[in-house]
Amino acid sequence: MARYIRTRDLTCRFPGCTVPAARCDIDHTVPFDHADPASGGLTVAENLCCYCREHHRRKTFDEGWRDRQLADGTI
């Protein structure tokens, strides 16, 4: 799965970022629910994408922007 996601994305998915996907975190677009995994945030290609560590942390912890991912991987 990780190899597929990195091959599909090629780089960090944050607009304008060129960090290679091989150096990125694989992030759940809809957060994985550790307390109740069946409730959402599935670990499937349609819910995973690459973000460099900086942008992964921004998406996770900063207010003001969120991403939305379509079934084909488009952000």
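No disulfides are counted in this predicted model, although cysteines are well represented in its largest nonpolar core, with Cys 12, Cys 17, Cys 24, Cys 49, Cys 50 and Cys 52 among the members. Besides that core, the points below walk through a salt-bridge network built on Asp 9, the buried face of helix H2, and two residues of the loop between H1 and E1, Phe 14 and Leu 10.

**Cysteines without disulfides**

- How many disulfides does the count come to? The total is zero.
- For Cys 17, the closest cysteine sulfur belongs to Cys 12 and sits 3.7 Å away, which is too far for a bond, because a disulfide needs the two sulfur atoms within 2.5 Å.
- Cys 52 also has its closest cysteine sulfur in Cys 12, at 3.9 Å, and this too is too far for a bond.
- Cys 17 is buried, with 14% relative accessibility.
- Cys 52 is buried as well, with a relative accessible area of 7%.

**The largest nonpolar core**

- Which residues make up the largest nonpolar core? Its 12 residues are Ile 5, Cys 12, Phe 14, Cys 17, Ala 21, Cys 24, Ala 45, Leu 48, Cys 49, Cys 50, Tyr 51 and Cys 52.
- Strand E2, residues 48-51, supplies the largest share of this core, with four residues.
- As general background, nonpolar side chains tend to be buried together in soluble globular proteins.
- Cys 49, one of the core residues, has a long contact list once residues up to four places away in sequence are set aside. Among its contacts are Ile 5, Arg 8, Asp 9 and Arg 13, along with Asp 25, Ile 26, Asp 27 and Thr 29. Asp 67, Gln 69 and Ile 75 are touched by Cys 49 too.

**Asp 9 and its charged partners**

- Asp 9 belongs to helix H1, which spans residues 2-9.
- Is Asp 9 buried or exposed? Asp 9 is buried, at a relative accessible area of 8%.
- The Asp 9 side chain has a polar contact of 2.7 Å with the side chain of Arg 8, and another of 2.7 Å with the side chain of Arg 13.
- Both pairs also qualify as salt bridges: the closest N and O atoms are 2.7 Å apart for Arg 8 and Asp 9, and 2.7 Å apart for Arg 13 and Asp 9.
- The two arginines are partly exposed, with 22% relative accessibility for Arg 8 and 22% for Arg 13.
- Beyond its neighbours within four places in sequence, Asp 9 is in contact with Cys 49 and Cys 50, both of which are residues of the nonpolar core.

**Salt bridges across the fold**

- The salt-bridge count comes to five.
- In general terms, side chains of opposite charge can pair when their charged atoms come close.
- Asp 25 and Arg 53 form one salt bridge through their side chains, at 2.6 Å from N to O. Asp 25 lies in strand E1 (residues 25-28) and Arg 53 in helix H2 (residues 53-61), so this pair ties together parts that are 28 residues apart in sequence.
- Asp 25 is buried at 16% relative accessible area, while Arg 53 is partly exposed at 45%.
- Arg 8, Asp 9 and Arg 13 are joined into one network by salt bridges that share partners.

**The buried face of helix H2**

- Which residues of H2 are buried? They are His 55, His 56 and Lys 59. These residues cover an arc of only 105° around the axis, so they fall on the same side of H2.
- The elements covering the buried residues of H2 include E1 and E2.

**Two residues in the loop between H1 and E1**

- Phe 14 lies in the loop between H1 and E1 and is one of the nonpolar core residues.
- The C-alpha atoms of Phe 14 and Glu 54 are 9.9 Å apart in space, with their positions 40 residues apart in sequence.
- Setting aside neighbours within four places in sequence, Phe 14 is in contact with Tyr 51, His 55, Arg 58 and Trp 65. Of these contacts, Tyr 51 is also a core residue, and His 55 is among the buried residues of H2.
- Leu 10 has its place in the loop between H1 and E1 too. Its phi is near 70°, a positive value in a residue other than glycine.
- Leu 10 counts as exposed, with 59% relative accessibility.

Technical notes:
Residues are numbered from 1 along each chain as its sequence is written. This is a predicted model: local features need pLDDT of at least 70, side-chain atom pairs count only at pLDDT 80 or more; totals for chains, interfaces and linings use all residues. Side-chain values use heavy atoms; hydrogens and water are left out. A nonpolar core is a set of buried Ala, Val, Leu, Ile, Met, Phe, Trp, Tyr and Cys residues joined through side-chain atoms within 4.5 Å. Buried means under 20% relative accessible area, exposed over 50%, partly exposed in between (1.4 Å probe, protein chains only). Contact means heavy atoms within 4.5 Å. A polar contact is a pair of N or O atoms within 3.5 Å; within protein, one must be able to donate a hydrogen and the other to accept it, and residues adjacent in sequence count only if both atoms are side-chain atoms. A salt bridge is a side-chain nitrogen of Lys or Arg within 4 Å of a carboxyl oxygen of Asp or Glu. The arc is that of the directions from the helix axis to the C-beta atoms.
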